[in-house]
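Welcome, and take your time with this one. Please turn the model around on your screen as you read, and stop wherever a residue is named.

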Amino acid sequence: MELVSQSQCFGGVQAVYSHASDACRCKMTFGVFLPPQARDRKVPLLVFLAGLTCTHENAMTKAGLQNYAAKHGLALAFPDTSPRGEGVFDDDAYDLGQGAGFYVNATRDPWRSHFRMYDYIVDELPALLLKELPLNGVFGITGHSMGGHGALTIALRNPDKFRSVSAFAPIVNPTRSDWGRKQLSAYLGDDEALWANYDACLLLAEHGWKGEILIDQGSDDQFLDLLRPESMAGLIAETRQPGVVRMQPGYDHSYYFIASFGEDHVNWHAERLNVL
């Protein structure tokens, strides 16, 4: 881990690091907030996965989560959304390529050489953070939009690694959405059986979740038809899965929405990660 920047923040430290990623075969950059309690003991970690066009900086600088995390002794990680740099393939569209990794392991050229964000978030980054930082190995995960999709699918497939999961305006049913079918076919090919590994609704229906699920969605979200929150809400009711999809009146897809309900999510994770 190479330190890029560091600032004091709510009694703790907000840092940015870079490192050479084996999974993505390029240099990756991420942010980490360590609360003041990390000076005296190992702390749990909440991972925030950002959405399309974002980098590690968006949630780190706009969501305002550090204040609440500091109160509970909770560390935060802000990974990037895709591999980047010279030699990493890209696309002219904003919703494919760099900035749009969709947290999958690509199996199709030209993407498979670098676009292995699933392995990066599930295995490589947690192992690196556990080795280098005062963390106790208890992880939660959340995210926004594409990152909400990533948080849900990663948690549902890895309940042994993540104790809690929530999401802000997630893409919950990408195999049935134009915001998903395009990217899954590009990264994985035309075999829709492979796509099911990256669809939160299909995964929840097949595997369930060991605890509760918290999802917040803005009623005035300009991407509502692509996100399909009604699919997840109906499935939670149908399968009697403990959880809630909260439709927040008047809120859109922006970071103002995330900042408005970020305290709820940090508190919710803190309780499940045993720091309250």
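In this predicted model, Phe10 sits in the loop between β1 (2-9) and β2 (12-21). Its phi is near 50 degrees, which is a positive value in a residue other than glycine. Arg228 has a positive phi too, of about 60 degrees, although it is not a glycine. You will find Arg228 in the loop between α8 and α9. With a relative accessibility of 23%, Arg228 counts as partly exposed, because only values under 20% are called buried.

One more backbone feature is worth a stop. The peptide bond that leads from Asp109 to Pro110 is cis, and its omega is near 0 degrees. Pro110 belongs to the loop between β5 and α3 (117-132).

Now move to the strands. How many of the residues of strand β4 are buried? The count is seven of the seven, across residues 43-49, so β4 is largely enclosed by the rest of the structure. Two neighbouring strands can be followed from here. Six bridges link β4 with strand β6 (residues 135-143), and these two run parallel. To see this pairing, look for Val47, which stands opposite Ile141 in β6. Strand β5 (residues 75-79) is joined to β4 by three bridges, again with the strands running parallel. In that pairing, Leu46 stands opposite Leu76 in β5.

Follow β6 to its end and you come to a residue with an annotation. Ser145 lies in the loop between β6 and α4. The UniProt annotation "active site", from an unreviewed entry, covers Ser145 together with Asp221 and His253. These residues are spread over 109 residues of sequence, yet they cluster in space, with a largest C-alpha distance of 10.7 Å. From this set, Ser145 and His253 are part of the lining of the largest pocket.

Let us visit them in turn, beginning with Ser145. Is Ser145 buried or exposed? Ser145 has a relative accessible area of 3%, and it is therefore buried, the cut-off being under 20%. Beyond its neighbours within four places in sequence, Ser145 is in contact with a set of residues that includes Gly51, Phe168, Trp179 and His253. The fold also brings together parts of the chain that are far apart in sequence: Ser145 and Leu52 are separated by 93 residues, but their C-alpha atoms are 7.4 Å apart in space.

His253 is next, and its place is in the loop between β9 (243-248) and α10 (255-272). Its relative accessible area is 9%, so His253 is buried. What joins the side chains of His253 and Ser145? The link is a polar contact of 2.9 Å. Not counting residues up to four places away in sequence, His253 also touches other residues, among them His144, Ala169, Asp221 and Phe223.

That leaves Asp221, found in the loop between β8 (213-218) and α8 (224-227). Asp221 is buried as well, because its relative accessible area is 5%. Apart from its neighbours within four places in sequence, its contacts are Ala169, Leu227, Tyr251, Asp252 and His253.

To finish, look at helix α7 (residues 200-207), where the buried residues include Ala200, Cys201, Leu203 and Leu204. Why do these buried residues line one face of the helix? Viewed down the axis of α7, they fall within an arc of 165 degrees, so they share one face. A general point about helices helps here. An α-helix has 3.6 residues a turn, so residues three or four places apart point the same way. The buried residues of α7 pack against α4 (146-157), β8 and α9 (229-239). Turn to the other side of α7 and you meet Ala205 and Glu206, which are exposed.

Both ends of this helix repay a look. At its start, a side-chain oxygen of Asp199 comes to within 3.0 Å of the backbone nitrogen of Cys201. After α7 comes Gly208, with a positive phi near 70 degrees.

Notes: Residues are numbered from 1 along each chain as its sequence is written. This is a predicted model: local features need pLDDT of at least 70, side-chain atom pairs count only at pLDDT 80 or more; totals for chains, interfaces and linings use all residues. Side-chain values use heavy atoms; hydrogens and water are left out. UniProt positions are given in the numbering used here, feature names are shortened, and annotations may be inferred rather than shown by experiment. On a 1 Å grid over the protein atoms alone, a cavity is a set of points where a 1.4 Å probe fits but cannot get out, and a pocket is an open set with protein on both sides within 12 Å along at least five of seven lines; lining residues have an atom within 4 Å of a point. Helices (H or I, at least four residues) and strands (E, at least two) are DSSP runs, numbered from the N terminus. Buried means under 20% relative accessible area, exposed over 50%, partly exposed in between (1.4 Å probe, protein chains only). Contact means heavy atoms within 4.5 Å. A polar contact is a pair of N or O atoms within 3.5 Å; within protein, one must be able to donate a hydrogen and the other to accept it, and residues adjacent in sequence count only if both atoms are side-chain atoms. Two strands pair if DSSP finds at least two bridges between them. The arc is that of the directions from the helix axis to the C-beta atoms.
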